[in-house]
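Reader: I have a model open and would like to go through it with you. Could we begin once it is on the screen?

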Amino acid sequence: MRGLLLAISAYGIWGCFPLFFSLLANVSAFEVLAHRIVWAYVFTGLVILALGRRKQLAALIANRRALAWLSLSAALITINWLVFIWAVSAGRVLESSLGYFITPLVSLFLGRLLLKESMNRWQVVAGVVALIAVLFELIAIGRLPWVSLVLASSFGLYGLVRKMQPVDSLNGLQVETMVVVPVALLYLLWLWSAGQMMFAQSLSDTLLLIAAGAVTAVPLLLFAAAARRLDLIVVGFIMYLNPTLQFLSAVFILDEAYPPQRLLTFVLIWIAMGFFMAGLWQAHRRARQAVA
């Protein structure tokens with residue numbers, strides 16, 4: 001029960017990200033990103049100190065192979081964060097939610113193509129339906145949903161890299177932010193010198209920008225704790241809480257306008273999600289039978 005509550009909390013926080021970052025719509029996406037990186041680095045560093053994990057962190061940094069992989073994952077998650085923050089400020093949360101609905105299917109195909117992981121027939125059908133949804137979006141709306149595709153591909157590749165070099169969420173995020181924090185600080189310094197930095201201009205914006213660090217790290221820690229306690233099938237099901245909450249927030253709270261055709265895109269993605277979950281369930285049952 002505790003693992004379930006932890007997972008719901010993690011994905012619930014992720015699902016509310018559009019509401020949080022919409023409060024910073026008056027701040028440029030690049031400045032929000034820079035502060036998110038800096039304060040996430042500070043927050044995770046404080047947690048590592050509090051938990052006494054400095055030796056594990058030092059060992060991770062000294063591992064050149066791990067550092068190289070985490071540098072790549074840092075670039076991917078930075079792209080993901082930037083596009084998401086921009087999408088929220090531009091009123092395109094529906095496209096971001098579509099991206100996170102597609103993400104597990106992208107991960108599925110990356111695992112099949114690059115890691116030669118097996119796929120059952122339900123997972124193949126899920127991928128085909130998702131592809132149909134994207135093609136329908138292209139034909140009906142007249143353009144590729146690039147926000148959705150960039151979010152899905154960047155996070156799918158991020159998951160692949162982290163699987164190639166598995167590390168715990170806390171130290172992994174600390175190293176990833178460590179890699180990009182110099183660039184973030186240089187950008188903030190340039191903004192300050194140009195008199196364009198929004199930080200410290202108002203108390204609310206300042207507190208929200210600082211809070212972005214904790215908001216980034218906390219759900220990762222909750223998810224890591226939940227993953228140790230739950231089966232993959234349960235985690236796979238709950239992960240859809242995030243894009244579902246994003247979708248509901250976009251429609252009912254942020255009042256985003258969307259063409260009626262997009263509803264069919266989401267219906268197709270939800271159907272693909274059902275096939276995806278059926279595939280996870282089948283794989284889970286076979287694994288349990290093999291153990292028994």
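Author: The following exchange goes through a helix pair, the nonpolar cores and some single residues. This is a predicted model, in which local features need pLDDT of at least 70, side-chain atom pairs count only at pLDDT 80 or more, and totals for chains, interfaces and linings use all residues. Residues are numbered from 1 along each chain as its sequence is written, and side-chain values use heavy atoms, with hydrogens and water left out.

Reader: How do α6 and α8 cross?

Author: The axes of helix α6 (residues 93-115) and helix α8 (residues 146-164) come within 7 Å and cross at roughly 45 degrees. Axes here are lines fitted to C-alpha atoms, for helices over the stretch in contact, and angles run from 0 to 180 degrees between N-to-C directions. Helices (H or I, at least four residues) are DSSP runs, numbered from the N terminus.

Reader: Which residues make that contact?

Author: Among them are Leu98, Ile102 and Val106 of α6, and Leu151, Phe155 and Leu160 of α8. Contact means heavy atoms within 4.5 Å. The residues of this contact divide into 15 nonpolar, 7 polar and 2 charged. Ala, Val, Leu, Ile, Met, Phe, Trp, Tyr, Cys and Pro count as nonpolar, Asp, Glu, Lys and Arg as charged, and the others, Gly among them, as polar.

Reader: New topic: which residues touch the most other members of the largest nonpolar core?

Author: They are Phe21, Leu24 and Phe276, in a core of 70 residues. Such a core is a set of buried Ala, Val, Leu, Ile, Met, Phe, Trp, Tyr and Cys residues joined through side-chain atoms within 4.5 Å. Its largest share, 9 residues, comes from helix α5 (residues 64-89).

Reader: What is Phe276 in contact with?

Author: Leaving aside neighbours within four places in sequence, Phe276 is in contact with Pro104, Leu105, Leu108, Ala126 and Tyr240.

Reader: Is Thr78 buried or exposed?

Author: Thr78, which is found in helix α5, counts as buried because its relative accessibility is 17%. Buried means under 20% relative accessible area, exposed over 50%, and partly exposed in between (1.4 Å probe, protein chains only). Not counting neighbours within four places in sequence, Thr78 is in contact with Leu33, Ile37 and Val180.

Reader: And where is Arg92?

Author: Arg92 sits in the loop between α5 and α6. Arg92 also counts as buried, at 19% relative accessibility. Beyond residues up to four places away in sequence, Arg92 touches Trp86, Ala87, Arg143, Trp146, Val147 and Glu256.

Methods: Helices (H or I, at least four residues) and strands (E, at least two) are DSSP runs, numbered from the N terminus.
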